Amino acid sequence: MCRIVRIAVNVVFISAAVLSAGPLVWVIYASLIPAENITQASLGPELVSEWKFLHLSLGQYRSVLLESSDYLIRFWNSVLLVFPVIIGQPAAAVLTSYGLSRGRGRLFSVILFMYLIIMLLPYQVTVIPNYYSMRYLHLLDTNYSIWLPGIFAPFSVYLLTRYMKRIPSEIIEAAEIDGAGDRMILLRVILPSCKGVLAALSVLVLIDYWNQVEIPIVMFRNAFRYPLSVFLSSIHNEYIDIAFAATAIYVAPLIFVFLFGTEYIDQMEP
Amino acid sequence: MRRLSRKRNIRYFAFVLPGFLGLLVFYVLPFVNVWADALLTTGRRFAGPVHFIRIFHNEAFIRAISNSVLLAFFGTFFSLPLALGYSLFVCIFSKNRQLFLLSCATLPAAIPPACTALLIQSWFPAYHELGISGMILLFLWKYTGFSVILLFSALQAIPRETKEAAVLDGAGRLRLLIHIILPYLAPAMIFSGLIAFMNSFRIFREVFMLYGKHPTPQFYLLSHYINNKLLTMDYSSISAAAVSIVSVMIILMLLLIHTERRTGKDLE
């Protein structure tokens, strides 16, 4: 009995590891195959059955990074589009969530309800009002069309408000009795206990925006502005021989941050 | 006393205001425009429900809606028990490898759609035959991890004394699960259900990577519809679609909150 359980436990362990890390390992491995051995059909099981899988080279990386600037431009597009949002969204949420978690009454519940609804709407719906406002402000085809809706997106606000509501009110009341004002309470009492959640939110927003597809394809008519996430889809169809190196470089920052941030995400309470 | 709390509320509202203004400007107020587009003809005359009737007779729109709803419903429906099982497993069987298992669960969410699409193209060429169930499988692989994290931390938060007391009173494992653990998990279940629902719409990214802007009907989702209508500048259709979706969503959420109030669990 005990042995069967142990075997079953190990099976779950191994399959969890294969299912999650497998794709990444495979992409990194495939990025080292020389380009001439790659065709759409021969990528999967067939590659393994022949002995071609032992030839490795850095040729793909060379053609992605050195032979044309297309890829690098899109890479920096992505960085530029994402960075203000992953800092700005949680930072802006701190003030809003503080107010929402402390205020009492119908007005605050209605506002929180609005945040909940807009958070739950698919991007493909919220992108419509975003698009209208950007058209009105003449900001279409600029980076602001990603930044501004991103910074004010409801995701961080809703999650942070939930979290702040759980901070025991005795602590805050004690600080108030000691004569602390709002600024003092926010900086000295609330923020220190929200550090982990803020980090987790940044990681989640990064994962979301680095992989963003819905908003850029609506906001940008100029394909030159597309971030890497959208650009890669055209790579797949046209240049399959360098797609793996392109994808590997694209994943790298995300996995790096994920490995750092995972302990914060795990601590995040609902 | 009342006055004091009112004064405080005004102060707290001042904190809310900057962010809320952003939400209003970029998300809420443009909806006036969306409503107008949905209800007016091109000559700016009142059109009544014409646009609504038109899109609900449009085959592409019906396709998009039914695929998206099926994906959202079945994805959420299957992912919750799966996540519950996995997080119970992590709690019970792994003493020192919890972080490893949790990371395994969440890592797929960080794997970019481009990467997933490559994997599917080269290893599962028959994927396009799966259609909607393929999308559901993809969703389960990718986004169950979020529910696992949420349920796991809720499981950790159950007081040990409660469980011990139940065991002392002679409760077996099944009873412990049904009468103690599940009721404690209910709020977290609802919340992770919401998150799963939200994430189900993101499967569009993988589908877009695989099949581009015009996939076969089985893979045709709301985003395809909206994106294609935006390209052809058919604003009245998009607006009618958006208004319908938002209305349905508000009604669903109000119902959910109402039932929660009655059963005494708060969502806010």
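This passage walks through a predicted model of two protein chains, A and B.

Chain B makes a handy starting point. Its make-up is purely helical in the tally of helices and strands, with 12 helices and zero strands. Reading along the sequence therefore gives the pattern α-α-α-α-α-α-α-α-α-α-α-α. The C-alpha trace of chain B covers about 75 × 65 × 30 Å along its principal axes. Of the 268 residues in chain B, 52% are buried. Contacts that reach far along the sequence are common here: take the contacts in chain B between residues at least 6 apart in sequence, and 72% of them join residues at least 24 apart.

Next comes the way the two chains meet. On the chain B side, 87 residues are in contact with 100 residues of chain A. Together the two chains bury about 8400 Å², and 74% of that area sits on carbon and sulfur atoms. Three residues stand out on the chain B side, namely B:Phe15, B:Phe26 and B:Tyr27, which supply 9% of the area that chain B buries against chain A, more than any other three residues.

The interface has its polar side too. Five salt bridges cross between chain B and chain A, and 15 residue pairs are in polar contact across the interface, both partners being at pLDDT 80 or more. Helix H1 of chain B, residues 2-28, gives the largest share of the side that touches chain A, with 17 residues. Sorted by type, the residues on that side of chain B come out as 66 nonpolar, 13 polar and eight charged.

Now for the salt bridges themselves. The structure holds nine over all chains. One of them pairs the side chains of B:Arg11 and A:Asp182, at 2.5 Å from N to O. This pair runs between chains, from helix H1 of chain B, home of B:Arg11, to helix H10 of chain A, home of A:Asp182. The two partners fall into separate accessibility classes. B:Arg11 counts as partly exposed because its relative accessibility is 39%, a value between the 20% and 50% cut-offs. A:Asp182 counts as buried because its relative accessibility is 11%, which is under 20%. Another bridge brings the side chains of A:Glu176 and B:Arg8 together, with 3.2 Å from N to O.

B:Arg205 deserves a paragraph of its own. It forms a salt bridge with A:Asp208, where the closest N and O atoms are 3.0 Å apart. B:Arg205 lies in helix H10 of chain B (residues 203-211) and A:Asp208 in helix H10 of chain A, so this bridge joins two chains. Both B:Arg205 and A:Asp208 are buried. B:Arg205 also has a salt bridge with A:Glu214, the closest N and O atoms being 3.1 Å apart. That pair crosses between chains as well, with A:Glu214 in helix H11 of chain A (residues 214-219) and B:Arg205 in helix H10 of chain B. A:Glu214, like B:Arg205, is buried. Taken as a group, A:Asp208, A:Glu214, B:Arg202 and B:Arg205 are linked in a network of salt bridges.

Then there are the nonpolar cores. The largest has 153 residues, and those with the most contacts inside it are A:Tyr71, A:Met119 and A:Ile190. Helix H10 of chain A, residues 182-210, gives the most to this core, with 15 residues. What does A:Met119 touch, leaving aside its neighbours within four places in sequence? Its contacts in chain A are A:Pro154, A:Phe155, A:Tyr158 and A:Leu159, and from chain B come B:Ile195 and B:Met198. A second, separate core has 23 residues, including B:Leu84, B:Leu102, B:Val148 and B:Ile158.

One last residue rounds things off. A:Ser145 lies in helix H7 of chain A, which covers residues 144-151. Is A:Ser145 buried or exposed? A:Ser145 counts as buried because its relative accessibility is 1%, which is under the 20% cut-off. The side chain of A:Ser145 reaches the backbone oxygen of A:Thr142 at 2.6 Å. Not counting residues up to four places away in sequence, A:Ser145 touches A:Met134, A:Leu139, A:Ile215, A:Met219 and A:Phe220.

Definitions and conventions:
Residues numbered from 1 in each chain as written. Chains lettered and ligands numbered in written order. Predicted model: local features only at pLDDT ≥ 70, side-chain atom pairs only at ≥ 80, totals over all residues. Heavy atoms only, no water. Core = buried A, V, L, I, M, F, W, Y, C linked by side-chain atoms within 4.5 Å. Buried < 20%, exposed > 50% of the residue type's maximum accessible area, 1.4 Å probe, protein only. Helix = DSSP H or I, 4+ residues; strand = E, 2+ residues; numbered from the N terminus. Contact = heavy atoms within 4.5 Å. Buried area = accessible area lost by both parts, 1.4 Å probe. Salt bridge = Lys/Arg side-chain N within 4 Å of Asp/Glu carboxyl O. Polar contact = N/O pair within 3.5 Å; in protein donor to acceptor, adjacent residues only side chain to side chain. Nonpolar A, V, L, I, M, F, W, Y, C, P; charged D, E, K, R; others polar.
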